[in-house]
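Reader: I would like a close look at one part of this model, the stretch that a database record marks as a domain. Please take me through how that part is put together and what surrounds it.

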Amino acid sequence: MSSDTSHTVELLIKCINFAAVKHRDQRRLDPEGTPYINHPIGVAYILTNEAKVSDVEVIQAAILHDTVEDTNTTLEEIEEEFGSKVSSIVAEVTDDKTLHRDTRKALQIQHAPTCTFPAKLVKLADKLYNLRDLDRAVPRKWTAYRVQEYFVWSKKVVEGLRGTNKWMEESLDELFKKRNV
């Protein structure tokens, strides 16, 4: 193994470990109560294994994309541990939880077209993971209407991300078509 490859593996394992520690007590809302860490790892998997993205900092940001939003992690901590580029991508995909849910959702639609290319990649993979998950199982306390509403809203976000990654966009379009969105 080359030293570059070894360094890349070290960076990714450090990132996965960091996210796992931060998300250790969290569960997804699916009926099985899946450990939350499966989500950021799954988003990174979509990017690397399905969309063929090889930018290590984008993959790191995918692994860390919910740490600031959903844990006590700060952007300063992300920057200190993983650098300014990773921190910047995470910042772009992080919702301000002090805002009302409807405001956050509207801002995602509004900001999607102006995100940087790396942030668009993470957002697309995140949407793809979440929509696949919703297609597989309805979260606890969610109605069929709320699931459909999430698909409709997600399509509006994805429209602002078009031209980023054909494979992810086509995969999302298949899900939207399946749900008549």
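Author: In this predicted model, the C-alpha atoms at the two ends of residues 36-131 lie 15 Å apart. The span is 73% helix and 0% strand. Its limits come from UniProt, where an unreviewed entry carries the annotation "domain: HD" for residues 36-131.

A useful way through this part is to follow helix α8, residues 117-136, and to take its partners in turn.

Start with helix α2, which covers residues 38-50. The axes of α2 and α8 are 9 Å apart, and the two helices pack at an angle of about 115°. Their crossing is right-handed. On the α2 side the contact consists of Asn38, His39, Gly42, Val43, Ile46, Leu47 and Glu50. On the α8 side it consists of Leu121, Val122, Ala125, Asp126, Leu128, Tyr129, Asn130 and Arg132. Sorted by class, the residues in this contact are 8 nonpolar, 4 polar and 3 charged.

One residue of that contact deserves its own paragraph. Ala125 sits in helix α8. Is Ala125 buried or exposed? Its relative accessibility is 0%, and buried means under 20%, so Ala125 counts as buried. Setting aside residues up to four places away in sequence, Ala125 touches Val43, Ile46, Leu47 and Met168. Of these, Val43, Ile46 and Leu47 are named among the α2 residues that meet α8. Ala125 can also be placed relative to Ser171: the two are 46 residues apart in sequence, while their C-alpha atoms are 10 Å apart in space.

The next partner is helix α3, residues 56-64. It packs with α8 at an angle of about 45°, and the axes are 10 Å apart. An angle of this size is neither under 35 degrees nor in the range of 65 to 115, so α3 is oblique to α8. The crossing of this pair is right-handed. Here Val58, Ala61 and Ala62 of α3 meet Pro118, Leu121 and Val122 of α8. By class, this contact has 6 nonpolar residues, with no polar and no charged ones. Leu121 and Val122 also belong to the α8 side of the contact with α2.

Between α2 and α3 there is a loop, and Lys52 lies in it. Lys52 has a positive phi of about 60°, although it is not a glycine. That is worth pointing out because most residues other than glycine have a negative phi. The relative accessibility of Lys52 is 62%, so this residue counts as exposed.

Another loop inside the annotated span runs between α4 (67-70) and α5 (75-82), and Asn72 is found there. Asn72 counts as exposed, with a relative accessibility of 65%. Apart from its neighbours within four places in sequence, Asn72 is in contact with Lys22, Thr67 and Glu77. Asn72 and Glu149 are 77 residues apart along the chain, and their C-alpha atoms are separated by 29 Å.

The third partner of α8 is helix α9, residues 144-159. The axes of α8 and α9 are 11 Å apart, and the packing angle is about 160°. Angles over 145 degrees count as roughly antiparallel, so α8 is roughly antiparallel to α9. This crossing is left-handed. From α8 the contact takes Leu124, Lys127, Asn130, Leu131, Leu134 and Asp135. From α9 it takes Val147, Tyr150, Phe151, Trp153, Ser154, Val157 and Val158. The class count for this contact is 9 nonpolar, 2 polar and 2 charged residues.

After α9 comes a residue that links back to the parts described above. Asn165 is in the loop between α9 and α10 (166-178). With a relative accessible area of 11%, Asn165 is buried. Not counting neighbours within four places in sequence, its contacts are Ala51, Val53, Leu121 and Leu124. Leu121 is on the α8 side of the contact with α3, and Leu124 is on the α8 side of the contact with α9. Asn165 and Asp4 are 161 residues apart in sequence, and 26 Å separate their C-alpha atoms.

Last comes Asn180, in the segment after α10. Its phi is near 55°, a positive value in a residue other than glycine. At 73% relative accessibility, Asn180 counts as exposed.

Definitions and conventions
Residues are numbered from 1 along each chain as its sequence is written. This is a predicted model: local features need pLDDT of at least 70, side-chain atom pairs count only at pLDDT 80 or more; totals for chains, interfaces and linings use all residues. Side-chain values use heavy atoms; hydrogens and water are left out. UniProt positions are given in the numbering used here, feature names are shortened, and annotations may be inferred rather than shown by experiment. Helices (H or I, at least four residues) and strands (E, at least two) are DSSP runs, numbered from the N terminus. Axes are lines fitted to C-alpha atoms, for helices over the stretch in contact, and angles run from 0 to 180 degrees between N-to-C directions. A crossing is left-handed if the near helix is turned anticlockwise from the far one by less than a right angle, and right-handed if clockwise. Contact means heavy atoms within 4.5 Å. Ala, Val, Leu, Ile, Met, Phe, Trp, Tyr, Cys and Pro count as nonpolar, Asp, Glu, Lys and Arg as charged, and the others, Gly among them, as polar. Buried means under 20% relative accessible area, exposed over 50%, partly exposed in between (1.4 Å probe, protein chains only).
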